[in-house]
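Got the viewer open and a hand on the mouse? Let's walk through this one stop by stop.

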Amino acid sequence: MDKYTFEMIPGLIGEIAELLRSINTKLDKLTAEPEPASAFPEWLNIKDLTAFMPTHPAAPTIYGWVRENLIPYYKRGKHLFFKRSEIETRMSDTRNKTDEEIERDAMEYCAKHTIGGGRRR
């Protein structure tokens with residue numbers, strides 16, 4: 001551990017202040033609001049799609065999704081394009097149900113469908 005003297009205090013306070021400014025700047029970047037969807041154009045290329053999606057997937061990941069037809073896309077020549085509204089719809093369609101929603105759906109299904117399916121001929 002370094003030994004500090006009384007004469008070193010002003011310089012140390014300056015260094016601490018600079019470190020705090022640096023930390024605040026980094027925290028501001030981390031906690032910044034994501035860009036609203038309207039800030040993105042309707043037609044997205046790979047780079048735009050990466051910035052648009054909350055997880056910021058890498059380009060090879062997006063190419064894999066395209067190859068497996070997991071996301072809607074358009075191809076013009078060698079270029080891929082994605083319609084923002086279709087990507088938003090796709091992201092909201094993949095929502096998983098909560099346990100309560102699954103339980104409610106199961107109860108509704110059981111109420112509508114009898115065991116054995118009715119009369120046999």
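The tour goes from the overall layout to the sheet, then to the aromatic pairs.

Some ground rules before you click: this is a predicted model, where local features need pLDDT of at least 70, side-chain atom pairs count only at pLDDT 80 or more, and totals for chains, interfaces and linings use all residues. Residues are numbered from 1 along each chain as its sequence is written, and side-chain values use heavy atoms, with hydrogens and water left out.

**Stop 1: the whole chain.** Colour by secondary structure and you'll have five helices and three strands, running α-β-α-α-β-β-α-α along the sequence. Here helices (H or I, at least four residues) and strands (E, at least two) are DSSP runs, numbered from the N terminus. Switch on a surface: the protein exposes about 10800 Å², with carbon and sulfur atoms supplying 57% of that (Shrake-Rupley method, 1.4 Å probe; for residues, only the protein chains shown count as cover). Of the 121 residues, 13% are buried; buried means under 20% relative accessible area, exposed over 50%, and partly exposed in between (1.4 Å probe, protein chains only).

**Stop 2: the sheet.** Select the three strands. They form an open sheet in the order β1-β3-β2, with antiparallel pairing; two strands pair if DSSP finds at least two bridges between them. β1 and β2 stand at the edges with a single partner strand each, so one side of each has no neighbour in the sheet.

Zoom in on β2 and β3 (residues 79-83), which are joined by three bridges. Lysine 75, for instance, has leucine 80 of β3 as its bridge partner. In the hairpin between these strands, two residues long, pick out glycine 77, whose phi is positive, near 65°. Now swing over to β1, which pairs with β3 over two bridges; there, tryptophan 43 is bridged to lysine 83.

Which β3 side chains point to the buried face? Show them as sticks: Leu80 and Phe82 point to one face and are buried, while His79, Phe81 and Lys83 point to the other and are not.

**Stop 3: the helix on the sheet.** Add α4 (residues 84-93), which packs on the sheet and touches β1, β2 and β3 (contact means heavy atoms within 4.5 Å). Its direction makes about 65° with that of β3; axes are lines fitted to C-alpha atoms, for helices over the stretch in contact, and angles run from 0 to 180 degrees between N-to-C directions.

**Stop 4: the rings.** How many aromatic pairs does a search of the whole structure find? Two. Rings of Phe, Tyr and Trp (its six-membered ring) pair if their centres lie within 6.5 Å; planes under 30 degrees apart count as stacked, over 60 as edge-to-face and the rest as tilted.

Start with phenylalanine 40 and phenylalanine 52: centres 5.3 Å apart and planes at 80°, so the pair is edge-to-face. Phenylalanine 40 lies in the loop between α1 (9-30) and β1 (43-44), and phenylalanine 52 sits in helix α2 (residues 46-52). Both are buried.

Finish on tryptophan 43 and tyrosine 74, also edge-to-face, at 4.9 Å centre to centre and 75° between the planes. This pair links strand β1 to strand β2 (residues 74-76), 31 residues apart. Tryptophan 43 is partly exposed at 41% relative accessible area, and tyrosine 74 is partly exposed at 35%.
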